[in-house]
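Please work through the following exercises with the sequence and the coordinates at hand, and try each task before reading its solution.

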Amino acid sequence: MIKKRPKNLDLTTVRFPVPAISSILHRITGVVLFIAVPILLWMLQKSFDSAGYAELQAMFTESFLWQFILWAILTSVAFHVIAGVRHLLMDLGIGETLKGGRRGAWSVLVLSAIAAVLLGVWVW
């Protein structure tokens, strides 16, 4: 049985709905957090020593790169938590409809953008 359906494998031409974008970003932030665990453990280990704590403090006040890394990790945590709460609410039956899914995805994106700005102000 040969089906002659069109196949579009170019993902740059596909327009994803907002719930799909929110779900994909939730997965990406999960990967970012998995990669960030060794960095956070290293920072925790350094902070146990007073000289290491002073070194970390100087590193975060003088280096834009480390400030950006810290902001990226904190923003990933914020997005992942907000999207995770959305998924938990959907598991409870809240926002399962098409309209509710869109509304929830938009609220995740807006709240995460606000959190990213606030975290940027706090880090810098």
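The exercises below concern a predicted model, and each task is followed by a solution in steps.

**Exercise 1.** Determine which residues line the largest pocket, and which element gives the most to that lining.

Solution. Begin with the extent of the pocket, whose volume is about 160 Å³. Its lining is then found to consist of Leu-40, Met-43, Phe-60, Gln-67, Leu-70, Leu-74, Trp-122 and Val-123. The elements that give two or more residues to this lining are H1, helix H3 (64–91) and helix H4 (98–123). Among the contributors, H3 gives the most, with three residues. Sorting the lining by residue class, finally, yields seven nonpolar residues, one polar residue and no charged residue.

**Exercise 2.** Find how many salt bridges the structure holds, and state whether each partner is buried or partly exposed.

Solution. The structure holds one salt bridge. Its partners are Glu-55 and Lys-46, and the closest N and O atoms of the pair are 3.0 Å apart, a distance that falls within the 4 Å cut-off for a salt bridge. Turning to accessibility, Lys-46 has a relative accessible area of 19% and is therefore buried, because buried means under 20%. Glu-55, by contrast, is at 43% relative accessibility and so counts as partly exposed.

**Exercise 3.** Identify the residues that make the nonpolar surface patch of about 610 Å², and place Val-14 relative to helix H1.

Solution. The patch is made by Leu-11, Val-14, Phe-16, Ile-21, Ile-24, Leu-25, Ile-28 and Val-32. Of these, Val-14 lies in the segment before helix H1, which spans 18–47. With a relative accessibility of 32%, Val-14 counts as partly exposed, and this value meets the patch requirement of over 30% relative accessible area.

**Exercise 4.** Locate Ser-107, and compare how far apart Ser-107 and Ser-22 are in sequence and in space.

Solution. Ser-107 is found in helix H4, where its relative accessibility of 33% makes this serine partly exposed. Although Ser-107 and Ser-22 are 85 residues apart in sequence, their C-alpha atoms are 9.9 Å apart in space.

Technical notes. Residues numbered from 1 in each chain as written. Predicted model: local features only at pLDDT ≥ 70, side-chain atom pairs only at ≥ 80, totals over all residues. Heavy atoms only, no water. Patch = residues over 30% accessible without salt bridge, like charges linked within 9 Å, V, L, I, M, F, W, Y side chains within 5 Å. Areas by Shrake-Rupley, 256 points an atom, 1.4 Å probe, with all protein chains shown as cover. Salt bridge = Lys/Arg side-chain N within 4 Å of Asp/Glu carboxyl O. Helix = DSSP H or I, 4+ residues; strand = E, 2+ residues; numbered from the N terminus. Buried < 20%, exposed > 50% of the residue type's maximum accessible area, 1.4 Å probe, protein only. 1 Å grid on protein atoms, 1.4 Å probe; cavity = no way out; pocket = protein on both sides within 12 Å on 5 of 7 lines; lining within 4 Å. Points joined across faces, edges and corners; volume = space filled by probe spheres on them. Nonpolar A, V, L, I, M, F, W, Y, C, P; charged D, E, K, R; others polar.
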